[in-house]
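Welcome! Please take a look at the sequence and the 3D structure below, and keep them open while you read.

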Amino acid sequence: MSTSACRDMLRMHFILLPLLLLCSSRMDGVDSGPEFDPYGVLGVKASASQAEIKKAYKRLAKEWHPDKNKNPGAEDMFIKITKSYEILASEEKRSNYDRHGRTDDAAFGQHGFRHFHDNFYFDETLFNFPFNNQGGRDFDSKYALHFNQYVSDVVPDSFKRPYLIKVTSDWCFSCVHMDPVWRESVQELEPLGVGIGVVDVGYEQRLANHLGAHRIPSILGLINGKVSFFHYAVALEHLKRFVEDLLPTRLVERVTDRNGAQFLNSWHEINKPRILLFDQVPVVPLLYKLVAFAYKDYVQFGYVDQGLTETVNLMRRFNINTYAPTMLAFKENTDKPADIIQAKGMKKQIIDEFIANNKFLLAPRLVNQKLFDELCPVKQFHRRRKYCVLLITGEDESFITGNTAFLSLASANTNEVLRFAYVYQRQQQPLCETLLKDRDSTSPQIVILERRNGAGKVLYKPLLSGWNGSEEDKHRLLEELERLQKDPSILNYDAMLPELNNEFASMFLVQWIYTAYDYLSEIMDDLLHNNWREMMPLLSLMFSALFILFGTVVIQAFSDSSEEKQSKPKAKEPPKAESGSPGTASMSSRAPKKNFVEVTELTDITYTSNLVKLRPGHINVVLVLTDASKNVLLSKFAKEVYSFTGTLTLHFSFLNVDKHSEWMDTLLEFAQDAMQIDADEDAGGHRKVDYTGYVLALNGHKKYLCLFKPVYTGEDVDTKPPEDEGGATGGRSRSGPRDEHQPRKGQTRSRSTTLQIHHKLDRLGLWMERLMEGTLPRYYIPAWPGLDKITANK
């Protein structure tokens, strides 16, 4: 080839290349020349704010959406509107357009010759799909999820915070329309602690299938490893509500003057510090709920609404200022908070730091291995040593003195190297037997230990004289701790500790029920919202099982009917009963039915076993009666509660108020709301409240009661005919002379009293159903009245 020919080809090449690049910009679907004005497309001024631009975009996008506008140019106009909003919504692109007057990024200096030396490979925007949202893709890129990352990082992290995941694609038209709302939601929810993820189906089809996202776009939530789909219109408020619904219901307890003391004193039972937030908003902030979920294993959270009149005493008690939200941390001392912060705008970082400094009690109880690992970590470096001062004690009243003395010593500790904790020997027997060996295990013991590896190896030294909480014991323990700081070799015993029992672990049956409930909920959600074609395998399995079950029932029914026909001639004449009664004969052909309810009397002998030390989850239903009404009420009570006797967690008792009226008065002082009506009625009469017919549901472990008050629903006895009256009270004997001229009047009065007592337990069955459902109001008791209140006066 000649030199002139080569020169002409090269000249032609440089002429055609700009034309090709210009064509690529035309193929992008939006005219990128100076005639394309994003301000003009949206109809806003150059000085318009972001709110005005957003408002104009929403209005025009709704008007020119191709699904609603059938104009042939609606699609092109919608693309221009979307492109204009993408440019003006980004401060960088907007300033670039204001300076250079260009609406695209494909300037010759950036894109036209970027791949010139790579065999003329043009930029991907040359043949890009017009609906591709480059701005949304750039925003989502930092949240992109991969399958391995989801399994190893996101799922474990979902037990500490909920995740909001968007499933999208580059070729998705609806995704472009959803991106502005998604971007706004992410910018508001992520600072609160919500995890964000984006799954691109074009690159992570495996992860999309694993999540069950068969539609594009999809938004789903992930919490505790469980996936839930978002099925509402994509709006910021809807997404916030969706995240809030993912969280457990009882994360934060509403605290008022009524239950404030109980909330603060619960540290001993739940073995956690308590955090109280005082604020003026009526609903618990989402930020506070998210923090409560993150630290649910360490801290109990409560919320006080400052706008309620029921919280005035609580605010006055702790001297709370109302001009800014206030957060208090309580440990063993319920009269004074251990830490406090107050700020007008509480950020997540401030709250996290505050709770991290108050995660543990001053002397917590070791209730599981996780808590033991955090309180007494394994030694890593010489300067990071942690020594655990462990008290092995019991939960009876005889150990209270020693436990209180140990707590006072832990409260005065300021050395970060020392951690104070205690265990109940009955709850952690393997651990205590390993540390005590041949020592006396009936009295409290102190053990100083240091963990050496994660397998359970420890070096330890027991306090030789035991522990009874005396000043001498305190002085001896402090001396040993001072020696330990100077000479760690005094820990001259070693052992391999077993793993601690999880004292708060739920029963296997409860775990199985929760798992079955989650599985059924997932199936129902799939049935309601997924494609029926995807549900065909499951539906086929269900119908097959129903067909097999139906066939088995039909075959069994035919076989039973044939057997009855064969045996029917032999049993034509039923055997007669000895009494000759036909009713008795018919009853004898049936299996005997259990028709009684076991009801025990609540006295000073059964008080401890039937109430004070009642097993967790068990409830004692107590009927209050008198000597005069005992027979009538017990019979009615047995009929009303008979259908609930199959529940193993229910026990039935009765209390004679003639003997134990003082106990009833003391107990119902804690149910003043329920007794307000009686108090109003008895205010002028100066007489005691008639407790006959009351029913108490007592939970001995959680210390609360539910109250049933008699409701008379029977008809007026005086309006009944004599035959009904006689049938209702037949067989009831009376003593004393009667006037022959007035037999009906005296008889009616006596029968009226009997029927009124009988009808006091009307609607008890409905009340029992609400008790089983857990919808009855509960009145919490700080402590059950002592035996001196229930012991009858001799």
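Two strands pair if DSSP finds at least two bridges between them. Helices (H or I, at least four residues) and strands (E, at least two) are themselves DSSP runs, numbered from the N terminus. This is a predicted model, in which local features need pLDDT of at least 70, side-chain atom pairs count only at pLDDT 80 or more, and totals for chains, interfaces and linings use all residues. Residues are numbered from 1 along each chain as its sequence is written, and side-chain values use heavy atoms, with hydrogens and water left out.

**Strand 1 and its partner**

- Strand 1 (residues 163-168) and strand 2 (residues 195-200) run parallel and are joined by 6 bridges.
- Ile165 has Gly197 in strand 2 as its bridge partner.
- Strand 1 is largely enclosed by the rest of the structure, because 6 of its 6 residues are buried (under 20% relative accessible area with a 1.4 Å probe, protein chains only; exposed is over 50%, and partly exposed lies in between).
- Tyr163, Ile165 and Val167 point one way from strand 1, while Leu164, Lys166 and Thr168 point the other way.
- In a regular strand the side chains alternate between the two faces of the sheet.

**A pair of helices**

- Helix 3 (residues 50-63) packs against helix 4 (residues 74-89) at an angle of about 165 degrees, and their axes are 10 Å apart.
- Here, axes are lines fitted to C-alpha atoms, for helices over the stretch in contact, and angles run from 0 to 180 degrees between N-to-C directions.
- Helix 3 and helix 4 are therefore roughly antiparallel to each other (angles over 145 degrees; under 35 is roughly parallel, 65 to 115 roughly perpendicular and the rest oblique).
- Gln50, Ile53, Lys54, Tyr57, Leu60 and Ala61 in helix 3 meet a set of helix 4 residues that includes Phe78, Ile81 and Tyr85; contact means heavy atoms within 4.5 Å.

**The sheet of 5 strands**

- Which order do the strands of this open sheet follow? The order is 5-7-6-8-9, and the pairing is mixed.
- Strand 5 (252-254) and strand 9 (339-342) stand at the edges with a single partner strand each, so one side of each has no neighbour in the sheet.
- From one strand to the next, the twist averages 20 degrees.
- Strand 6 (residues 274-279) pairs with strand 8 (residues 326-330) in the antiparallel sense over 5 bridges.
- Leu276 stands opposite Leu328 in strand 8.
- Helix 14 (residues 286-294) packs on the sheet and touches strand 5, strand 6, strand 7 (300-305) and strand 8.

**The sheet of 6 strands**

- A further open sheet has 6 strands in the order 15-17-16-18-19-20, with mixed pairing.
- Strand 15 (600-601) and strand 20 (779-780) stand at its edges, each with a single partner strand, so one side of each is left without a neighbour in the sheet.
- Strand 18 (residues 695-699) and strand 19 (residues 704-708) pair in the antiparallel sense over 5 bridges, and Ala697 has Cys706 in strand 19 as its bridge partner.
- Helix 25 packs on this sheet, touching strand 16, strand 17 (650-656) and strand 18, and its direction makes about 150 degrees with that of strand 16.
- Helix 30 (residues 764-773) lies across strand 16, strand 17, strand 18 and strand 19, running at about 155 degrees to strand 19.

**A loop residue**

- Ser629 lies in the loop between strand 16 (619-625) and helix 25 (630-641).
- Is Ser629 buried or exposed? Ser629 counts as buried, because its relative accessibility is 1%.
- Not counting residues up to four places away in sequence, Ser629 touches Thr692 and Ile757.
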